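Visitor: I'm new to this one, so could you walk me through it? Please show me the structure first.

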Amino acid sequence: MQSAYTVATLAFVIGVAWVGWIAYSLVFPAEGQVLTATPTVEFAIDGGEAGPKFGFAFEGQQISSPGPTLTVKTGDIVKVNFKNNGATAHAFSVVKENSDEAPIMFKATIGTGPRPLVPGDRGSIVFNADTTGTYYYICPVPGHAQLGMWGEFKVEG
Ligand SMILES: [Cu+2]
């Protein structure tokens, strides 16, 4: 009966590990993982260049720096649809300060500095804007925020 006991113990350990892994992945979703919650607010944003300046715009509008201010309410499920409408690689991140070295907020990033979107590419992210404050969105490609790729991201209580 030793082997039956061993099999039962092994099955129990695997079961506990499996349930634990599911619980962990629900509490700590992977970086950039899209929430399945239904968005309560949605933005379509272009990133690109306007002459020597880099910037953002609402989809189809003229790129500007800073980009348009995005305002949501605390607890909104925000969906951002980003298009790289420029001629070089860009990405989109919500960050704590206006710097490409600032921490990403709400796991809200579409592409990253090392892995941006190529020209013409699109990406989306859904996130919970659960902390009131004034944040920024930038292009995290090194140097691009300084060249103008930033705007305010306000989460109002
Ligand atoms: Cu950029």
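Guide: Start with Phe92, which touches Ile45, Gly47, Val80, Phe82, Thr109, Ile110, Gly111, Tyr137 and Cys139, leaving out residues up to four places away in sequence.

Visitor: What makes a residue one that Phe92 touches?

Guide: Two residues are in contact if their C-beta atoms, placed from the backbone, lie within 7 Å. The residues listed for Phe92, Tyr137 and Cys139 among them, are in contact with Phe92. Before we go on, this is a predicted model: local features need pLDDT of at least 70, side-chain atom pairs count only at pLDDT 80 or more, and totals for chains, interfaces and linings use all residues. Residues are numbered from 1 along each chain as its sequence is written.

Visitor: Which residues have the most contacts inside the largest nonpolar core?

Guide: They are Phe92, Val94, Tyr137, Ile138 and Cys139, in a core of 32 residues. β2 (53-58), β4 (76-84), β5 (92-95), β6 (104-110), β7 (122-129), β8 (133-138) and β9 (150-156) each give two or more residues to this core.

Visitor: Why is it called a nonpolar core?

Guide: Because the name stands for a set of buried Ala, Val, Leu, Ile, Met, Phe, Trp, Tyr and Cys residues joined through C-beta atoms within 7 Å. Buried means that 20 or more other C-beta atoms lie within 10 Å of the residue's own, against 12 or fewer for exposed and anything in between for partly exposed, with C-beta atoms placed from the backbone. Buried residues make up 32% of the 157 in the protein chain.

Visitor: How many helices and strands does the protein chain have?

Guide: One helix and nine strands. These are DSSP runs numbered from the N terminus: helices are H or I with at least four residues, strands E with at least two.

Visitor: How do you know that β8 and β9 pair?

Guide: Strands pair if DSSP finds at least two bridges between them. β8 and β9 have six, in the antiparallel sense, so by that rule they pair. One bridge puts Gly133 opposite Val155 in β9, and Ile138 has Trp150 as its partner there. Strand β3 (residues 70-73) runs parallel to β9, joined by four bridges.

Visitor: What makes β3 and β6 edge strands?

Guide: Five strands form an open, mixed sheet in the order β3-β9-β8-β5-β6. β3 and β6 each have a single partner strand, so one side of each is left without a neighbour in the sheet.
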